[in-house]
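Biologist: I have a model open on my screen and would like to go through it bit by bit. Can we take it as questions and answers?

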Amino acid sequence: MDVSIEKVVRTFGTTPALHGVSLEIEAGELVALLGPSGSGKTTLLRILAGLDVPTFGRVLFDGEDALKLTVQQRNVGLVFQSYALFRHMTVLDNIGFGLRVRPWSRRPSRKEISKRALELLDLVQLSGLEKRYPSQLSGGQRQRVAFARALAIEPRVLLLDEPFGALDAKVRRDLRRWLREIHDQTGHTTVFVTHDQEEALELADRVVVMSQGKIEQIGTPDEIYDSPNSPFVFSFIGESSVLPVRVDRGRVWLDEKPLDLSAGDVPNGPARLFLRPHDVDVVDSKPGAISGEVRVLRRHAGLRRVDVEVGSGRDRIEIELPADLSLNYAGKLAFLPRRYRLYPASQALES
Ligand code: ATP
């Protein structure tokens with residue numbers, strides 16, 4: 001099912017939580033709403049679910065005005081961070097719940113409900129656990145039951161709010177892969193909320209980066225990571241360092257020194273150079289390179305991380321180097337970023 005969100009505004013009293021958000025989600029897409037706490041992700045998801053209504057704007061499901069539909073009529077599958085399983089029901093009864101409470105005319109027979117619940121249990125790889133109660137399951141297993149329960153109603157859209165938020169890192173990673181596989185098998189249009197950029201980039205077809213009730217950028221994980229369109233997105237996604245510089249006559253200047261970097265179409269004036277630790281090459285000291293003092297050296301998995309203090313502002317830039325490179329603490333280091341983004345200083349870090 002296609003979902004169309006058009007200029008949605010939501011204010012709580014005088015607090016605007018969403019400022020005119022527009023987003024098109026195609027049938028079968030897996031879209032992540034990613035942003036820091038308070039950016040409006042959950043508010044948007046609740047509006048899609050019918051648990052909240054926008055102050056202005058429209059939401060269309062396959063072209064139909066979804067705001068006129070009740071929660072039941074929307075037929076969305078919901079999974080929240082807290083498993084919200086019924087404690088007194090077995091796994092099988094939990095999964096079949098949404099079908100059992102349907103109006104009589106649309107309710108499948110008991111036998112069919114049980115068959116469907118067992119199929120879903122197989123899909124979420126928990127066959128054999130149908131008679132257990134939620135308290136007899138691990139956190140990851142409970143969350144998989146919650147998924148099966150959401151899928152049982154054959155939802156038009158699946159809405160997930162931090163579904164792995166309460167789980168430890170290893171289980172989260174496993175469930176991420178699992179969710180992607182389930183999605184590829186079932187093809188449900190899926191919107192999931194997360195503040196974990198790694199999760200969003202690994203899992204989603206498209207990532208919607210939100211900040212302060214607005215969409216900052218929409219793109220594939222590659223577009224978001226490789227071409228962030230603002231200082232906010234660059235610093236929110238992945239690791240980065242920032243260096244205050246100046247653009248003058250098409251060149252980038254650090255203090256009084258021109259660097260071997262192109263200013264592109266950034267106008268003259270103060271600017272910020274954003275770079276990622278792994279996009280840096282160490283070079284022989286030469287006039288156009290960035291040079292500085294090595295301040296911290298540390299092992300980082302198979303690599304070495306180095307903090308270099310640069311320029312008159314003594315800004316610290318983190319760079320990643322092969323672990324076998326020999327460096328010493330008080331040494332000097334010259335480098336140039338292979339990839340970088342330059343933004344005018346007037347473009348705020350916060351949106
Ligand atoms: P988190 O990751 O912390 O869940 P979020 O991005 O999901 O954050 P929302 O929960 O959508 O953000 O909140 C967006 C803004 O709206 C916040 O400033 C929040 O305080 C405010 N807000 C949300 N719900 C209400 C409410 N019921 N009453 C008043 N303000 C609210």
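Biologist: Let's start with a loop: where is Glu154 found?

Modeller: First, a caution: this is a predicted model, where local features need pLDDT of at least 70 and side-chain atom pairs count only at pLDDT 80 or more, while totals for chains, interfaces and linings use all residues. Residues are numbered from 1 along each chain as its sequence is written, and side-chain values use heavy atoms, with hydrogens and water left out. Helices (H or I, at least four residues) and strands (E, at least two) are DSSP runs numbered from the N terminus. On that numbering, Glu154 is in the loop between α5 and β7 (157-161).

Biologist: And what is phi of Glu154 near?

Modeller: Most residues other than glycine have a negative phi. Glu154 is not a glycine, yet its phi is positive, near 50 degrees.

Biologist: Gln212 has a positive phi too; is Gln212 buried or exposed, or in between?

Modeller: Gln212 sits in the loop between β9 (206-211) and β10 (214-219). Buried means under 20% relative accessible area, exposed over 50%, and partly exposed in between, using a 1.4 Å probe and protein chains only. With a relative accessible area of 40%, Gln212 is therefore partly exposed.

Biologist: On to helix α4: how far apart are its end C-alpha atoms?

Modeller: The expected span is 1.5 Å times one less than the number of residues. For the 14 residues of α4 (residues 110-123) that gives 20 Å. The model agrees, as the end C-alpha atoms are apart by 20 Å.

Biologist: Which elements do the buried residues of α4 pack against?

Modeller: The buried ones are Ile113, Ala117, Leu120, Leu121 and Leu123. They cover an arc of only 155 degrees around the axis (taken from the directions from the helix axis to the C-beta atoms), so they are on the same side of α4. Lys111, Lys115 and Asp122 are exposed on the other side. Counting contact as heavy atoms within 4.5 Å, the buried residues pack against α3 (91-100), α5 (139-152) and α6 (169-186).

Biologist: Now the ligand: how much of it does the protein bury?

Modeller: Among the residues around it, meaning those with a heavy atom within 4 Å, are Phe12, Pro36, Gly38 and Lys41. A ligand oxygen is 2.6 Å from an N or O atom in the side chain of Ser37, and a polar side-chain atom of Thr43 lies 2.5 Å from a ligand oxygen. Alone, the ligand exposes 640 Å² (Shrake-Rupley method, 1.4 Å probe), and the share that the protein buries is 55%.

Biologist: Which helix gives the largest share of the shell around the ligand?

Modeller: That share is 3 residues. They come from helix α1 (residues 41-49).

Biologist: With which side chain does the side chain of Glu320 make a polar contact?

Modeller: Glu320 lies in strand β18 (residues 315-322) and is buried, with a relative accessible area of 16%. Leaving aside neighbours within four places in sequence, Glu320 is in contact with residues including Pro277, His278 and Leu303. A polar contact is a pair of N or O atoms within 3.5 Å; within protein, one must be able to donate a hydrogen and the other to accept it, and residues adjacent in sequence count only if both atoms are side-chain atoms. At 2.6 Å, the partner is Arg305.
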